[in-house]
Amino acid sequence: MKRDDVDERLAARLAELRAERGLSLGDLADRSGVSRSTLSRAERAEISPTASLLNRLCAVYGRTMSQLLSEVEAEPAQLVRAAGQSVWTDGASGFVRRSVSPPHAGLRGELVEGRLEPGADVAYDRPPVPGLEQHIWVLDGTLEITVRGETHTLDVGDCLRFRLWGATRFRCPGERAARYVLVVVAR
């Protein structure tokens, strides 16, 4: 699947979600903290939304980023080969996200592979779904994660688990990219 196709379908889905809730761009801007012009450009696929922007919209719409991204894909199969896994890139932050096991209605867990380039820093001001359970297992490099104001430095093999209630930050402080598995468990 070409990146442009995903961006086009994502833009259309964002516009649908806003329309389904009867929100104007101004209403959505007020609720998400994202400017009306940025929201409009994202809904017209004039820009590729950043991870932070998608997180803010997911918080308004009450879904995880994986759920949102899966809505622009076909119905997920039981077996997802590596070549068929959806990959989304936030070029602005150096974050690459692979949906290893796309979410499915009725199932609560999902696996995501994350990769942050050296120096990459991604901050989320709120969780997409409050209380979401997450487990992060580092496969390569070093990853700094700040949860509830506490910074944890994880090296290869380390695992951190927590529930999302507030702001979080993911940073790659090393000279090598950080690659990790994120397990998301919905409540």
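The following exchange looks at the cavities, one sheet and one glutamine of a predicted model.

Modeller: Because the model is predicted, local features need pLDDT of at least 70 and side-chain atom pairs count only at pLDDT 80 or more, while totals for chains, interfaces and linings use all residues. Residues are numbered from 1 along each chain as its sequence is written, and side-chain values use heavy atoms, with hydrogens and water left out.

Colleague: Which strand supplies the largest share of the lining of the largest cavity?

Modeller: A cavity is a set of points, on a 1 Å grid over the protein atoms alone, where a 1.4 Å probe fits but cannot get out, and its lining residues have an atom within 4 Å of a point. The largest cavity has a volume of about 280 Å³, a volume being the space filled by probe spheres set on the points, which are joined across faces, edges and corners. Its lining has 24 residues, with Met 65, Arg 97, Tyr 124, Gln 134 and Leu 182 nearest the centre. The largest share, five residues, comes from a strand (a DSSP run of E, at least two residues, numbered from the N terminus), namely β3.

Colleague: How many charged residues are in the lining of the second largest cavity?

Modeller: This cavity, with a volume of about 30 Å³, is lined by Leu 14, Leu 28, Leu 39, Ala 42, Glu 43, Leu 57 and Tyr 61. Ala, Val, Leu, Ile, Met, Phe, Trp, Tyr, Cys and Pro count as nonpolar, Asp, Glu, Lys and Arg as charged, and the others, Gly among them, as polar. The lining therefore divides into six nonpolar residues, no polar ones and, as charged, one.

Colleague: Which are the edge strands of the open sheet of four strands?

Modeller: The sheet has the order β4-β9-β6-β7 with antiparallel pairing, where two strands pair if DSSP finds at least two bridges between them. Within it, β6 (residues 143-147) and β9 pair over four bridges, and Val 147 stands opposite Thr 168 in β9. The strands that pair on one side only in this sheet are β4 and β7.

Colleague: Is Gln 85 buried or exposed?

Modeller: Gln 85 is in the loop between α5 and β1, and, leaving aside neighbours within four places in sequence, Gln 85 is in contact (heavy atoms within 4.5 Å) with Val 80, Arg 98, Ser 99 and Val 100. Buried means under 20% relative accessible area, exposed over 50%, and partly exposed in between, with a 1.4 Å probe and protein chains only. Because its relative accessibility is 14%, Gln 85 counts as buried.

Definitions and conventions: On a 1 Å grid over the protein atoms alone, a cavity is a set of points where a 1.4 Å probe fits but cannot get out, and a pocket is an open set with protein on both sides within 12 Å along at least five of seven lines; lining residues have an atom within 4 Å of a point.
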